[in-house]
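Hi there,

Here is the structure I promised to pass on to you. Have a look at it first, and then read my notes underneath.

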Amino acid sequence: MINPYGHDLDARARRLLRTLIAQYLVDGEPVGSRTLSRSSGLDVSPATIRNIMADLEDAGLVASPHTSAGRVPTPRGLRLFVDSLIELQPLPQEDMIRLQRELPPGPTTTRDLLGNVSTLLSAMTRFAGVVSVPRQADFPLRHIDFVSLPDARVLVILVFTDNQVQNRIVQLAKPLASHELEQAANYLNSQFAGLRLDDIRTQLLIELRETSSELNRLLASSVELAAASFAPQAGGDDVLVSGQTNLMAYSELADLQRLRELFDAFQQKNELLQLMEVCARAPGVRLFIGEESGFSALDGCSVVTASYGAQGRVLGAVGVIGPTRMAYERVIPVVKATAGLLSDALNRAATTL
């Protein structure tokens, strides 16, 4: 009936496993043979059900937490359930309307938008909402300006197409006059607005190598400023988490040590960043159940994510973290729809600026 990997169940075994998992996801309690007999709709004897359950347990798809307390699905059983035993439906219209209504309709910075998405995901699922923040350099430059400071320093003001403003202070070998700063800003805006910082640096290097280039001719005294304004900066990677305390309501995560490890992971963010980067690189929805994430703090959790982006470019991932006992048929469409709406919002912002 069942191959060693648990992927070749006959119709009765599939139906019983689906029934068991559906019941477990509702109440979190082990499911006994008598409950399965009533709920599955199969015309088979209790002995037959017990035999099938024993086979499912041998295949590693269910487990008995106690000798006579019924069975619960294992992470392996949940994986089979999600992959082949449930039929995902589009997000109900009322939920889609709620998502659309609660996402900011007007101009906002990308970080504010992502913070709103994280909070909304948490509210929709009652789990922890997570969103990875793209590097600022992933967004095109809209405008650059310079402000003279004492001691040959210059305040560089970079405005990006997502409305985010980044300030840098550049130390020059000698001060520049106001007209030189204005000339530099005018030239850089005319040549580089609409490009990402990586592309700007590449183009700058090409121009600086050409002694007859317009940049060297017009801005001979401010080449140092132009190069320093777009220099790479360390850090900037982040992940926003909302609703962590929701997880305290689930008995399977209520162990104090488990919660401490989980909240430490939320606080430190290193492991979350690594996981979200992996998710962002893969299209569509990603699901990690228990140990599949590779991070011990998330062993008792499921992580559902989907990538988002703009103008054909992947920028990050959104998702939720909750107990392995979650309503996957509802959570997966919520995450997928949210990623799509976020991408739509970023695309609209890019085309209106």
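Below is what I found, going from the sheets to the core, the aromatic pairs and the helices near the start of the chain.

Please keep in mind that this is a predicted model.

**The five-stranded sheet**

A good place to begin is the open sheet of five strands, which has the order 7-3-10-9-8 and antiparallel pairing. Which strands stand at its edges? They are strand 7 (238-242) and strand 8 (285-289); each has a single partner strand, so one side of each has no neighbour in the sheet. From one strand to the next, the twist averages 20 degrees.

You can follow the pairing across the sheet. Strand 8 is joined to strand 9 (residues 301-310) by five bridges in the antiparallel sense, and here Val285 has Ala306 of strand 9 as its bridge partner. Between strand 9 and strand 10 there are ten bridges, again antiparallel, with Gly309 partnered by Val314 in strand 10. These two strands make a hairpin with two residues between them, and Gln311 in the turn has a positive phi of about 55 degrees. On to strand 3, which runs antiparallel to strand 10 and is joined to it by four bridges; Ala128 stands opposite Ile321 of strand 10.

How many of the eleven residues of strand 10 are buried? Nine are, so strand 10 is largely enclosed by the rest of the structure.

Two helices to look at here are helix 6 and helix 12. Helix 6 (residues 110-125) lies across strand 3 (128-133), strand 7, strand 9 and strand 10 (313-323), and its direction is at about 155 degrees to strand 3. Helix 12 (residues 270-280) also packs on the sheet, where it touches strands 3, 7, 8, 9 and 10, and it makes about 125 degrees with the direction of strand 10.

**The three-stranded sheet**

There is also an open sheet of three strands in the order 4-5-6, with antiparallel pairing. Its edge strands, strand 4 (141-149) and strand 6 (165-171), each pair on one side only. The twist here averages 20 degrees from one strand to the next. Strand 4 and strand 5 (residues 153-160) are joined by eight bridges, and Val147 stands opposite Leu155 in strand 5. Helix 7 lies across strands 4 and 5, at about 170 degrees to strand 4.

**The core**

In soluble globular proteins, nonpolar side chains tend to be buried together. The largest nonpolar core in this model has 106 residues, and Phe146, Leu225 and Tyr328 have the most contacts inside it. Helix 13 (residues 328-352) gives the most to this core, with eleven residues. If you zoom in on Phe146, its contacts beyond four places in sequence include Val154, Leu155, Val156, Leu181, Leu188 and Leu225.

**Aromatic pairs**

The structure holds three aromatic pairs. One of them is Phe127 with Tyr250: the ring centres are 5.5 Å apart and the planes are at 50 degrees, so the pair is tilted. This pair links distant parts of the chain, 123 residues apart, with Phe127 in the loop between helix 6 and strand 3 and Tyr250 in the loop between strand 7 and helix 11 (256-268). Are these two residues buried or exposed? Phe127 is buried at 4% relative accessibility, and Tyr250 is buried at 17%.

Phe192 and Phe230 form an edge-to-face pair, 6.4 Å from centre to centre with 70 degrees between the planes. Phe192 is in helix 7 (residues 178-192) and Phe230 is in the loop between helix 10 (223-229) and strand 7, so the pair ties together parts 38 residues apart in sequence. Phe192 is buried, at 0% relative accessibility, and Phe230 is buried at 0% as well.

**Helices near the start of the chain**

Helix 1 (residues 11-27) and helix 3 (residues 46-58) have axes that come within 10 Å and cross at roughly 80 degrees, and therefore these two helices are roughly perpendicular to each other. Where they meet, the helix 1 residues include Leu16, Leu17 and Leu20, and the helix 3 residues include Ile49, Ile52 and Leu56.

Finally, Thr35 is in helix 2 (residues 33-40) and is partly exposed, with a relative accessible area of 25%. Its C-alpha atom is 9.4 Å from that of Thr19, which is 16 residues away along the chain.

Happy browsing, and best wishes!

Technical notes: Residues numbered from 1 in each chain as written. Heavy atoms only, no water. Pairing = 2+ DSSP bridges. Axes fitted to C-alpha atoms, helices over the stretch in contact; angles between N-to-C directions. Contact = heavy atoms within 4.5 Å. Buried < 20%, exposed > 50% of the residue type's maximum accessible area, 1.4 Å probe, protein only. Core = buried A, V, L, I, M, F, W, Y, C linked by side-chain atoms within 4.5 Å. Phe/Tyr/Trp six-rings, centres within 6.5 Å; stacked < 30°, edge-to-face > 60°. Parallel < 35°, antiparallel > 145°, perpendicular 65-115°, else oblique.
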